[in-house]
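Notebook open, structure loaded. I want to work out how the pieces sit together, one lookup at a time.

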Amino acid sequence: MRQTIATVSLLDLGRNTFCDASLFQGIDLDTLRSIEADWTPVFDAAAPENRPEDAHWEWAAKALQALENPLSYELFGVEADARTQGMMLVLKGGPKCFSRHTEHPRAPLVYVDFLATAPWNRPSLTATPTYKGVGRVLFMTAVSLSIEEEFAGRIGLHSLPGAEDFYRSRLNMTDMGKDDGYQNLRYFELSATQARRLITARP
């Protein structure tokens, strides 16, 4: 089941102006068809050396996982121009949802399991990206969920190599190094203090 929960702003890079988009929770068949019809051909057309690290993610399987475990998972997405601009799957409970940060070790957090933006929004895939801000909108949605769950905005995630700078430099998360127990991906956390700063600094 999918429902629109907010109107958000994205930067339309072609027009250099902000426009409205829909933030939704949950998922439906139209969303999955949009991803399959609009995202997959672009990923498949990319040169092997330029193929995104997340091109193999199967959002239908992730949706099923969320539907089967509604107490643990939440799905969020952004839509504009009748196309899915980004998707995120977060985890609210389980072994991944405990902080490793020195500020609050073992405190509960929201874990961002998967976050992806549509291929036409990625500078790595096109010289003329359509929208900027989709990833940030989804991430801030996870922060809001963390606050609703009384986790004080704490977020944890493992980053694909290509997204490390986004989390480290643009969202100011703490880089806690490579996790040899999780495909050697770098683990990042947003502490409660960092969450407060990020919320205050939001454009």
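In E7, which residue is the bridge partner of Tyr111? I looked it up and got Gly156. Note to self: this is a predicted model.

**Around Gly156**

I followed Gly156 to its other neighbour and found Glu189 of E9 standing opposite. That fits the strand pairing I pulled next: E7 (residues 155-159) and E9 (residues 185-190) run antiparallel to each other, over 5 bridges. On the Tyr111 side, E5 and E7 are parallel, with 2 bridges between them.

**The whole sheet**

I then wrote down the full strand order, which is E6-E1-E2-E3-E4-E5-E7-E9-E8. It is an open sheet of 9 strands with mixed pairing. I checked which strands sit at the edges and got E6 (131-132) and E8 (174-179), each of them pairing on one side only.

**Strand E5**

E5 kept turning up, and I went back to it. Besides its parallel pairing with E7, E5 pairs with E4 in the antiparallel sense, over 6 bridges. I noted one pair there: Gly86 has Thr117 in E5 as its bridge partner. Is E5 buried or exposed? I found 8 of its 8 residues buried, so the strand is largely enclosed by the rest of the structure.

**Helices H1 and H2**

What lies across E5? Helix H1 (residues 29-45) does, and I see that H1 also crosses E1 (2-12), E2 (17-26) and E4 (83-91). The angle I noted between H1 and E4 is about 120°.

I went on to H2 (residues 59-68) and listed its buried residues: Trp59, Lys62, Ala63 and Ala66. Looking down the H2 axis, I see these within an arc of 100°, so they line one face of the helix. I checked what that set packs against, and the list is H1, E3 (73-80), E4 and E5.

**Ser146**

Last lookup: Ser146, which belongs to helix H3 (residues 134-148). Its relative accessibility came out at 0%, and the cut-off for buried is under 20%, so Ser146 counts as buried. What does Ser146 touch, leaving out residues up to four places away in sequence? I got Val110, Phe151, Ala152, Gly153, Arg154 and Ile155. Two of those names sent me back to the strands: Val110 falls in E5 (110-117), and Ile155 falls in E7 (residues 155-159).

Definitions and conventions:
Residues are numbered from 1 along each chain as its sequence is written. This is a predicted model: local features need pLDDT of at least 70, side-chain atom pairs count only at pLDDT 80 or more; totals for chains, interfaces and linings use all residues. Side-chain values use heavy atoms; hydrogens and water are left out. Two strands pair if DSSP finds at least two bridges between them. Helices (H or I, at least four residues) and strands (E, at least two) are DSSP runs, numbered from the N terminus. Contact means heavy atoms within 4.5 Å. Axes are lines fitted to C-alpha atoms, for helices over the stretch in contact, and angles run from 0 to 180 degrees between N-to-C directions. Buried means under 20% relative accessible area, exposed over 50%, partly exposed in between (1.4 Å probe, protein chains only). The arc is that of the directions from the helix axis to the C-beta atoms.
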